[in-house]
Structures are given as structure tokens and as C-alpha cells.
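Colleague: I should like to learn how to read a few features of a protein model. May we go through them one at a time?

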Amino acid sequence: MKGIPYSYSMRNLWTRRFTTLLTASGMGLVVFVFAATLMLTEGLQKTLVATGSPDNVMVLRKSSNSEVQSGVERAQAELLESQPEVAIGPDGNPLLAKELVVLINLKKRDSNKPSNVVIRGISAVSLQLRPAVVLKEGRMPRAGSAEVVAGASLARRFHGCGLGETLRFGMRDWRVVGVFDAGSTGFSSEIWGDVDQMMQAFRRPVYSSVIFRLKDTTGFDAYKARVEGDPRLTVEAKRETRYYLDQSEAMSQFLNILGMVLTVVFSIGAVIGATITMYAAVANRVTEIGTLRALGFQRRSIMSAFVLESLLLGLCGGILGVVGASFMQLITISTMNWASFSELAFSFALTFGILWKSLLFSLVMGFMGGALPAVRAARMNIVVALRAT
Amino acid sequence: MPASGEPIVVIRNLAKSYRRGSQVIPVLSDINFDIARGEFVALMGPSGSGKSTLLNLIAGIDSADAGSIRIGEVEITRLAESELARWRAGNVGFIFQFYNLIPVLTAYENVELPLLLTGLKRRQRREHVEAALSVVGLADRMEHYPSQLSGGQQQRVAIARAIVTDPEILVADEPTGDLDRVSAEEILKLMDRLVHDFGKTVIMVTHDPRAAEKAHLIRHLEKGELSPI
């Protein structure tokens with residue numbers, strides 16, 4: 001070891017702990033915003049991607065970006081059902097659901113404000129195609145009846161969605177006979193009822209989408225090529241996971257841009273704060289710097305000691321920010337999914353990747369804040385520094 | 001050990017000036033000066049006479065405009081900055097007026113600092129530090145921080161730091177300037193011991209005639225020139 005001991009940098013931070021804490025808090029705030037944005041995007045993607053299953057294929061009208069915009073005619077749906085790639089269930093029926101997606105307005109329980117909610121008309125195998133969806137209370141709606149089941153997240157937050165309550169839409173009253181839990185997937189924010197009843201109620205002659213399980217997951221490409229090339233069909237096929245990832249893209253991008261703009265603006269402030277703190281640290285220790293140089297420590301040792309001090313300062317901020325951000329996992333955000341114009345609930349998700357990125361970011365801020373003061377410390381003239389006593 | 005005739009410091013035609021804006025202020029001019037090994041030299045003179053500048057040049061922390069300084073076998077006026085830093089680490093011990101201890105490091109760690117540049121193992125460093133602190137009589141205060149020590153004790157820690165690498169030359173800039181009479185006396189006795197028992201060469205700048213009395217040789221500087229002996 002030929003440098004100034006690490007304890008020198010660490011103890012100097014500890015000695016002026018109040019300043020250290022204030023500066024680190026400023027940086028912590030930035031790291032918090034940075035981490036929270038990444039966690040939000042991660043949470044959104046997790047929710048939407050988890051909504052899909054890689055074995056499932058979603059068929060939509062060509063160039064429609066979401067189920068809401070899509071329409072698949074009955075005749076086309078029959079044709080899709082007869083394709084050889086569709087898996088067959090234990091009862092001999094194809095594992096294929098023709099579904100309808102409609103948006104309606106429901107009032108929130110807490111604010112009484114209306115918000116868009118997805119109504120999904122389901123087929124008999126819809127539940128089977130989505131293993132993440134589990135009936136929590138009550139039962140599934142009977143075919144041919146005006147009954148619905150609501151996602152747990154909706155049941156909690158919207159008027160009329162609780163078990164035993166009644167909803168009015170499509171000029172009919174619908175009784176909520178069950179509540180299903182779909183974990184952190186987007187289905188938790190949907191209402192499901194019999195597709196044929198829904199089509200009548202909403203006067204829709206066509207389905208929104210056709211979803212089926214692949215017999216063999218490798219068969220997707222061949223299926224896609226054939227179906228999309230068939231002149232009788234005006235549809236496109238996507239794996240369900242891909243579909244939901246695409247859905248999350250616009251929102252993630254928006255969140256990322258917003259988060260990055262905030263982070264960049266804040267981080268400039270935090271770096272300036274760290275620079276001021278480190279300049280003050282250098283100014284207060286001019287004699288020490290002169291002494292260390294006189295004892296034989298090289299300029300680069302002085303620079304390293306101050307850069308290390310600033311990196312540690314950044315790391316303190318990083319840890320504060322990440323700890324703060326980790327509490328955000330307790331919060332569930334409910335917002336508009338711009339791809340489907342419907343309500344979507346998701347949580348902040350902290351991953352190891354985000355943790356490392358945030359800590360690295362805090363170190364970068366620490367380095368940027370400490371670089372100039374460290375250079376000044378290293379460039380001091382020994383005699384002038386010693387005379388500063 | 002008395003001073004032997006062989007000079008350890010040989011200064012020839014040394015000149016140094018400072019620049020203040022466009023003004024050039026001469027500080028030292030044509031200094032020729034030898035210091036024998038094991039000698040205790042006091043440099044005296046009024047403020048601004050250039051005595052601290054001369055000390056800094058001998059210690060290798062300032063650079064001369066002209067002339068040469070040879071210390072032992074090394075002409076330090078020819079060394080590049082980083083070589084000079086390495087040379088200082090092994091060959092000069094510094095004693096400052098205000099002790100210049102690092103406040104966040106303990107007495108032990110302060111004394112250990114110069115050894116960190118030597119490549120010694122931790123155990124060897126410990127032996128050296130303990131020996132140096134014993135010489136100054138502070139072996140029992142190793143874990144104290146400078147703020148927990150009196151001025152005299154701090155200066156003794158600083159002396160331990162100066163001798164821990166066993167350099168031949170010790171430079172002291174007003175070592176008693178910040179101390180009361182009793183502590184100052186102790187420090188001077190200690191420096192005297194370093195010369196007599198350990199054979200160190202001490203060059204001390206001082207205003208204090210009592211301190212200068214301890215020296216074998218007193219040289220006066222006036223307006224950048226050394227008075228004749």
C-alpha cells in the first residue's frame with residue numbers, strides 16, 4: 001500500500017457527518033427518483049408481460065395495436081379454430097377462446113370519479129388458458145346468464161364490483177357472482193362475463209380477439225406465416241407475451257423519458273451540491289494536504305483520497321435512495337394504460353439490476369462531484385498549502 | 001554523537017525569488033552553506049529574511065531558481081517532482097510549528113503515515129511506530145486522537161512521525177513557536193537527544209533565542225543573505 005489510508009477518507013466523512021448527511025440526502029433524493037422510475041417501468045412490464053403466457057397465441061385484426069381496436073369476424077374465428085396448431089383439451093374441445101373486449105366507465109369507490117374498465121367476454125376455456133387467474137370468491141358466471149366475475153383489484157376499487165353487487169352496463173344489470181385473483185397481471189383490472197351475452201348487450205357482431213394454446217410451442221412461426229398469408233383472413237398472430245410487452249412499450253417509454261428528465265435535472269443539482277461540499281472539504285484541509293505532500297505522498301495519492309471520499313459520499317446517497325425506493329414496493333399504482341385506454345394497477349418492482357444501476361449511478365454522481373475538488377487538492381503547491389496554517 | 005566534519009548538506013550559489021503579479025521579489029541570493037552530519041543548526045533572522053524558504057529548499061518541498069543543493073549523495077535540485085516526493089519520504093523528517101497532525105487519525109496512524117510509502121509489512125510498521133512513540137515517551141497514547149493530546153504531546157507525536165522512517169535530516173520550522181515554556185523545553189531536549197543519541201542532523205528555523213541556544217551553530221539570515229559565521 002503506497003497511498004493514503006482509506007480510513008482517512010472515511011473518517012473525514014464521519015467527522016463532518018452533518019454536512020455528509022445533508023449532501024448524501026440530496027444525492028439520495030436523486031437516486032430515489034432514478035430507482036423509483038426504473039421500478040415503475042419494471043413493475044409495469046412485469047404486470048403486463050406476466051399477463052401473457054408464451055404458449056398462448058393472440059390473433060387480432062391486422063394492424064390493430066390492441067384488443068380494443070381489433071375485430072375478428074365469426075367466420076374467421078371458426079376458420080382459426082380449425083387450424084392444426086391449436087391444442088386440444090382433455091374434453092376433446094380445442095383450447096381456443098373467442099373473446100370480446102369492451103371498455104366501460106365505472107366510478108371509483110374512493111373518489112367517485114369515473115374511469116375506464118375492461119369488460120371481457122369469455123369462452124368456456126378462457127380460464128384454462130390463463131393459469132394465473134384463480135377464482136378467489138364465489139363462482140364463475142354461467143353461460144347464457146347476466147353474471148360476471150370481477151378482478152380482485154377492481155372489486156376493491158370500483159363501485160358495484162364487489163361480490164354480490166350489481167353493475168349496470170350494456171342496458172342490463174349484471175350480478176357479480178365471483179371475484180378472481182390474477183396476481184399482479186393486468187387481468188386483475190378486468191370484468192369477465194359470457195362472451196355471447198356481452199356481444200348481444202353491446203350490439204357487437206364480431207369478436208375482438210381469438211386466443212389459443214399452441215399444441216407445440218415451436219409451431220408458432222409456421223402458424224403465423226400461414227394464417228397471415230391466408231387471403232380469407234385479415235388477421236395477425238402474436239405470442240401473448242409479445243402482445244402484452246408491446247402494450248407496455250408506450251407507457252414504459254413515457255415513464256422512462258419522464259424519469260430520466262427528472263433524474264438528469266435533479267442530478268445536476270446533486271452533483272453541484274457534492275462539488276461544493278468537496279471544495280469546502282479541500283479548503284478546510286489545505287494544511288493537511290500540504291503536510292501529506294511534504295511527507296512524500298504523490299499528487300495522485302491526494303487525488304485518490306479525495307475522489308474516494310466523494311465516491312463514499314455518493315454511495316451513502318445511493319444507499320439512502322435505494323432504501324427509500326425499496327419502500328415504494330408497498331405502493332400499488334393505478335393508472336391509465338394508454339395502449340388499451342383502460343385502468344391498470346401495478347406496483348413498483350425492485351430488482352437486483354435496478355439496485356446495481358442505482359448504486360452505480362450514485363457513484364458516478366459522487367465521482368463527478370469530487371473530480372474537480374480532487375484535482376484542485378492534488379495541484380496545490382506544497383509551500384503555499386503549508387503556509388495556510 | 002558529535003558533529004563529524006563531513007558535510008551532509010552542501011548548498012552552492014542558491015537563489016530563489018517569488019513572483020507577485022508582475023513583481024519579482026528576491027528571497028535568497030547566492031547562498032553557500034554546508035551543514036555537517038550530526039549537526040544541530042539554528043537559522044534565525046527577521047520575518048521575510050528567507051529562513052523558511054531556505055529550510056523548504058533543503059527539505060525538497062520548494063524549487064530553487066538557481067544553484068544547487070546536495071544532500072548526502074543526491075543533488076535534490078535536479079530531481080523531478082515525483083522523484084523528490086520519494087526522496088523526501090525516506091530522507092527528511094518534518095517538524096512544524098503547529099504540529100500538522102492529521103486530526104482524523106490516531107497518534108499511531110499519524111506516525112505510521114510515512115511508513116505507508118515504504119512497502120513495509122504491517123507488523124514491521126507496527127514495530128517502527130511503537131519504537132518511535134517510545135522515543136518520544138508517548139507509547140501509552142497511541143490510540144489517542146490529536147484533539148485528545150496537549151500541544152506538547154502533539155508535537156512529540158509529530159517528532160515521532162518525523163523520525164519513524166529513520167531519516168538523516170530533520171527540518172523544524174519554529175517547533176516551539178506554539179508551545180508554553182515547559183513544553184518547549186521538553187521538545188528542545190528531545191531534539192537535542194535526537195542529535196546526540198541518534199546522530200540526526202537537525203536544521204531548525206526559530207525566533208526563540210532560548211531554542212537557538214540548544215543548537216551547535218546559529219546562522220543569521222538578513223535580506224536573503226547569510227551572515228558570516
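Colleague: Which residues form a nonpolar patch on the surface?

Modeller: Please bear in mind that this is a predicted model. The patch on its surface is formed by Leu29(A), Phe254(A), Ile257(A), Leu258(A), Val261(A), Leu262(A), Val265(A) and Phe266(A). Together these nonpolar residues have about 750 Å² of accessible area.

Colleague: Which helix gives the most to the nonpolar patch?

Modeller: Helix 8 of chain A, residues 240-284, contributes seven residues, the most of any element. Leu258(A) is found in this helix.

Colleague: How should I read the packing of two helices?

Modeller: Two packed helices are described by the angle between their axes and by the distance between those axes. Here, the axes of helix 9 of chain A (residues 286-295) and helix 2 of chain B (residues 81-91) come within 7 Å and cross at roughly 85 degrees. The two helices are therefore roughly perpendicular.

Colleague: Which residues of these two helices meet?

Modeller: From helix 9 of chain A, Arg293(A), Ala294(A) and Leu295(A) meet Glu81(B), Arg88(B) and Ala89(B) of helix 2 of chain B. By class, this contact has three nonpolar and three charged residues, and no polar ones.

Colleague: How should I read a salt bridge?

Modeller: Side chains of opposite charge can pair when their charged atoms come close. Over all chains, the structure holds 33 salt bridges. One of them joins Glu67(A) and Arg120(A), whose closest N and O atoms are 2.9 Å apart.

Colleague: Which parts does the pair of Glu67(A) and Arg120(A) tie together?

Modeller: Glu67(A) lies in the loop between strand 1 and helix 3 of chain A, and Arg120(A) in strand 3 of chain A, so the pair ties together parts that are 53 residues apart in sequence.

How values were computed
Residues are numbered from 1 along each chain as its sequence is written. Chains are lettered from A and ligands numbered from 1 in the order in which they are written. This is a predicted model: local features need pLDDT of at least 70, side-chain atom pairs count only at pLDDT 80 or more; totals for chains, interfaces and linings use all residues. Side-chain values use heavy atoms; hydrogens and water are left out. Axes are lines fitted to C-alpha atoms, for helices over the stretch in contact, and angles run from 0 to 180 degrees between N-to-C directions. Helices (H or I, at least four residues) and strands (E, at least two) are DSSP runs, numbered from the N terminus. Angles under 35 degrees count as roughly parallel, over 145 as roughly antiparallel, 65 to 115 as roughly perpendicular and the rest as oblique. Contact means heavy atoms within 4.5 Å. Ala, Val, Leu, Ile, Met, Phe, Trp, Tyr, Cys and Pro count as nonpolar, Asp, Glu, Lys and Arg as charged, and the others, Gly among them, as polar. Patches are made of residues with over 30% relative accessible area and no salt bridge: like charges are joined within 9 Å, nonpolar side chains (Val, Leu, Ile, Met, Phe, Trp, Tyr) within 5 Å. Accessible areas come from the Shrake-Rupley method with a 1.4 Å probe; for residues, only the protein chains shown count as cover. A salt bridge is a side-chain nitrogen of Lys or Arg within 4 Å of a carboxyl oxygen of Asp or Glu.
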